[in-house]
Amino acid sequence: MIITRRAFTTMLSLTGLAAVAGFSPLRFISEAMAQSAADVAKPVSLPDMALGPKDAAVTITEYASMTCPHCAAFNEQVFPKIKSEYIDTGKVRYIFREFPLDIKAAAGSMLSRCIAKDDASKYFAVTDMLFRQQNDWVVKNTTETLTRIGKQAGLTQQQVEACLKDQALLDKIAADQKYASDVLKVDSTPTFFINGEKIKGEASFEEFAKKINPLLKS
């Protein structure tokens, strides 16, 4: 999805999120470029939010948009099985990276970062809550609902407002998204990398297991 400046301006007026007017439009490059595990693992602008040991044999990196229904379905139906079978047992390191496809998704990602700070477990918990309440905050009044969620997580009204106006945070999310788009050729969500191998779209637990298990044995 390519967000044009006109469409972006329209979205801002509809959501009431004018504070994030600096959000960069997506620009996808069509030339094919091979990705590598090193490209995926390269440090980005924001600290990685990850579960599982750093020295795990397998690293899964997910690029997701907080407003993506397929991402929400994966989060509810598949991720808990991956977490139980592979992450909690120390076999897999799982990294979640933001790839907002619209202004509401960017706001949701910013709120997750502000609530969690550097606590990865808290970040995953907040992200899970946003996915599960996706219909509420995406379809209804976005700013009002995100403010309620922020307060439930311990932020004040002023802290939520400051978070959604944090241009530096938004710039980092946009920069990381541009890297994913330009270098890794991420152009839809969810997109996964398993030790550098790309999987596009919502895959089943069985499909992940087929990719993961041979890597654990090698």
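**Disulfide, salt bridges and sheet in a predicted model**

A search of the whole structure, which is a predicted model, returns 1 disulfide. The bond joins C114 and C163, whose sulfur atoms are placed 2.1 Å apart, a separation that falls within the 2.5 Å required of such a pair. The link of C114 and C163 is right-handed, with 95° about the S-S bond. Because C114 belongs to helix 5 (residues 103-116) and C163 to helix 9 (residues 157-164), the pair ties together parts of the chain that are 49 residues apart in sequence. A disulfide is a covalent bond between the sulfur atoms of two cysteines. Both ends of the link are buried: C114 has a relative accessible area of 18%, and C163 has a relative accessibility of 4%. For C114, the assignment as buried follows because its value of 18% lies under the limit of 20%. Two further cysteines are likewise assigned as buried, C68 with a relative accessible area of 6% and C71 with one of 0%.

With regard to the chain as a whole, 11 helices and 5 strands are assigned. Buried residues account for 49% of the 218 residues in the chain, and the area that the chain exposes amounts to about 10,300 Å², of which carbon and sulfur atoms supply 54%. Among the contacts in the chain with a separation of 6 or more, 77% are made by residues that lie 24 or more positions apart.

The 5 strands are arranged in an open sheet of mixed pairing, in which their order is 1-3-2-4-5. Strand 1 (49-51) and strand 5 (197-200) occupy the edges, and since each of them has a single partner strand, one side of each is left without a neighbour in the sheet. When direction is ignored, neighbouring strands of this sheet are turned by 20° against each other on average. Helix 6 (residues 120-132) packs on the sheet and touches strand 1, strand 2 and strand 3 (92-98), the direction of the helix making about 100° with that of strand 1. Strands of a sheet pair through backbone hydrogen bonds, either parallel or antiparallel.

The antiparallel sense is found for the pair of strand 2 (residues 58-64) and strand 4 (residues 191-194), which are joined over 4 bridges. Within this pairing, Y63 stands opposite T191 of strand 4. Strand 4 is also joined to strand 5 by 4 bridges, and these two strands run antiparallel; here the bridge partner of T191 is K200 in strand 5. T191 thus has a partner in each of two strands, being placed opposite Y63 and bridged to K200. Strand 4 and strand 5 form a hairpin with 2 residues between the strands, and in this hairpin N195 adopts a positive phi near 50°.

Turning to charged side chains, the structure contains 7 salt bridges, among them that of D48 and R97, whose side chains meet at 2.9 Å, N to O. D48 is located in the loop between helix 2 (37-41) and strand 1, whereas R97 is located in strand 3, so this salt bridge ties together parts that are 49 residues apart in sequence. The two partners are assigned to separate classes of accessibility, in that D48, at 31% relative accessibility, counts as partly exposed, while R97, at 4%, counts as buried.

Another of the salt bridges is formed by K178 and D182, with a separation of 2.5 Å from N to O. These residues are 4 positions apart in helix 10 (residues 167-182), which means that about one helical turn separates them. K178 is exposed, with a relative accessible area of 52%, whereas D182 is counted as buried at 16% relative accessibility. The assignment of K178 rests on a value over 50% and is made for that reason. A salt bridge is also formed by K83 with D88, for which the closest N and O atoms are 3.1 Å apart; K83, at 30% relative accessibility, is counted as partly exposed.

How values were computed
Residues are numbered from 1 along each chain as its sequence is written. This is a predicted model: local features need pLDDT of at least 70, side-chain atom pairs count only at pLDDT 80 or more; totals for chains, interfaces and linings use all residues. Side-chain values use heavy atoms; hydrogens and water are left out. Two strands pair if DSSP finds at least two bridges between them. Axes are lines fitted to C-alpha atoms, for helices over the stretch in contact, and angles run from 0 to 180 degrees between N-to-C directions. Contact means heavy atoms within 4.5 Å. Buried means under 20% relative accessible area, exposed over 50%, partly exposed in between (1.4 Å probe, protein chains only). A salt bridge is a side-chain nitrogen of Lys or Arg within 4 Å of a carboxyl oxygen of Asp or Glu. Accessible areas come from the Shrake-Rupley method with a 1.4 Å probe; for residues, only the protein chains shown count as cover.
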